[in-house]
Amino acid sequence: MTKALAIARRELDVLFGGPLAWTLIGAFTFLTGYFFYSDVTFYVLFGGGNMPVGLWRYVFLHDRLVALLVVPLITMRLVAEERRLGTLELLWSLPVGDRDVLFGKLAAAVVVYLVMLAGSAIGPAVLWALHPYPVGPLVAGYVGLVLLGLAFIACGLAASCIGDNQVVSAMLTYGVLAFLWFVSANEAALGQEFGWILLGLSLFDRFYGFAQGVIDLRDVVFFLAISTLFLFLALRALGARAWRGVV
């Protein structure tokens with residue numbers, strides 16, 4: 001655990017020591033703020049009086065889209081950049097294991113993502129100061145965003161362990177996440193016998209309950225399970241490359 005924390009601190013120094021993390025945090029804050037302002041305007045004009053349904057549903061569905069666009073740009077460099085610079089071999093020469101490297105980089109990416117979510121909470125905080133509202137649906141939505149972001153980061157980390165190029169890693173992440181996002185679009189084509197399988201794999205359908213202010217334990221388990229699967233694949237990919245002497 002100590003070794004993983006040391007790697008996480010090193011990764012955070014790299015991320016926040018350059019423009020990448022600050023640029024992505026700024027972009028995430030701007031986009032989520034813009035969508036929040038648009039959603040509040042729409043709610044005031046057309047939404048009626050039911051804030052949990054009329055406002056937060058749209059806010060978190062838009063935040064989910066922004067997370068999909070931004071998170072792979074964080075994860076694409078985590079391992080691929082180390083390989084390009086030749087520092088991954090240096091890491092393996094130290095008394096650290098693959099798990100330390102993997103979880104250290106995971107922790108750093110999660111910290112950056114949490115900072116992004118904190119920026120996105122500025123709008124809801126200002127709205128609460130001006131017009132207090134029940135915070136339960138808001139908390140549920142952010143729990144969903146944390147779980148969704150964890151799955152995105154785990155997927156991006158696996159892609160970064162597989163790819164030799166940052167752009168390739170990012171595009172691989174976008175492809176996998178887009179598939180898991182829209183996999184249920186062909187539910188009707190498979191019929192009732194197999195359509196439920198696609199519904200069970202869809203990140204879109206799993207997140208919708210959180211956007212509605214509902215925390216379903218089954219959805220929590222799903223996001224944690226799919227994150228664990230991606231981390232397992234990342235660990236295997238990292239170990240396989242080290243075993244073959246490929247860095």
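Helices here are DSSP runs of H or I with at least four residues, strands are E runs of at least two, and both are numbered from the N terminus. By that count, Thr 41 sits in helix α2.

Some ground rules before the tour. This is a predicted model, with residues numbered from 1 along each chain as its sequence is written, and local features need pLDDT of at least 70 while side-chain atom pairs count only at pLDDT 80 or more. Totals for chains, interfaces and linings use all residues, and side-chain values use heavy atoms, with hydrogens and water left out.

**The overall picture**

The chain has 12 helices and zero strands, so reading along the sequence just gives you α-α-α-α-α-α-α-α-α-α-α-α. Of its 247 residues, 45% are buried. "Buried" means under 20% relative accessible area, "exposed" means over 50%, and "partly exposed" is in between, using a 1.4 Å probe on protein chains only. Now for contacts, which means heavy atoms within 4.5 Å. Among those between residues at least 6 apart in sequence, 75% join residues at least 24 apart.

One example of a pair separated in sequence starts in helix α1 (residues 2–17), where you'll find Glu 11. Glu 11 counts as buried, at 1% relative accessibility. Glu 11 and Ala 109 are 98 residues apart in sequence, yet 8.5 Å apart in space, C-alpha to C-alpha.

**The cavity**

A cavity is a set of points on a 1 Å grid, over the protein atoms alone, where a 1.4 Å probe fits but cannot get out; lining residues have an atom within 4 Å of a point. Grid points are joined across faces, edges and corners, and the volume is the space filled by probe spheres set on the points. Searching the whole structure turns up one cavity of 30 Å³ or more, and the largest cavity holds about 40 Å³ of space.

Who lines it? The list is Thr 32, Phe 36, Val 59, Phe 60, Asp 63, Ser 120, Pro 124, Leu 138 and Tyr 142. Helices α2 (19–47), α3 (51–75) and α8 (136–162) each supply at least two residues of that lining, and α3 gives the most, with three. Sorted by class, the lining has six nonpolar, two polar and one charged residues. For that sorting, Ala, Val, Leu, Ile, Met, Phe, Trp, Tyr, Cys and Pro are nonpolar, Asp, Glu, Lys and Arg are charged, and the others, Gly among them, are polar.

**Along α2 and α3**

Take Thr 32, which is one of the lining residues and belongs to helix α2. Thr 32 is buried, with a relative accessible area of 2%. Leaving out residues up to four places away in sequence, Thr 32 touches Asp 63, Val 66 and Ser 120. Two of those, Asp 63 and Ser 120, are also listed in the cavity lining. The side chain of Thr 32 also reaches the backbone oxygen of Thr 29 at 3.2 Å.

Phe 35 is in α2 as well, but it is partly exposed, at 21% relative accessible area. With residues up to four places away set aside, Phe 35 touches His 62 and Val 66. Thr 41, at 34% relative accessibility, is partly exposed. Over in α3 you'll find Tyr 58, which is partly exposed too, with a relative accessible area of 31%.

Here are some C-alpha separations involving these residues:

| Pair | Apart along the chain | C-alpha separation |
|---|---|---|
| Thr 41 and Leu 55 | 14 residues | 9.6 Å |
| Phe 35 and Tyr 58 | 23 residues | 8.7 Å |
| Tyr 58 and Ser 38 | 20 residues | 9.7 Å |

**Helix α11**

Helix α11 covers residues 203–211, and its buried residues are Leu 203, Phe 207, Phe 210 and Ala 211. Seen down the axis of α11, these buried residues fall within an arc of 95°, so they line one face of the helix. The arc is taken from the directions from the helix axis to the C-beta atoms. An α-helix has 3.6 residues a turn, so residues three or four places apart point the same way. Just after α11, Gly 213 takes a positive phi of about 90°.

How values were computed:
1 Å grid on protein atoms, 1.4 Å probe; cavity = no way out; pocket = protein on both sides within 12 Å on 5 of 7 lines; lining within 4 Å. Polar contact = N/O pair within 3.5 Å; in protein donor to acceptor, adjacent residues only side chain to side chain.
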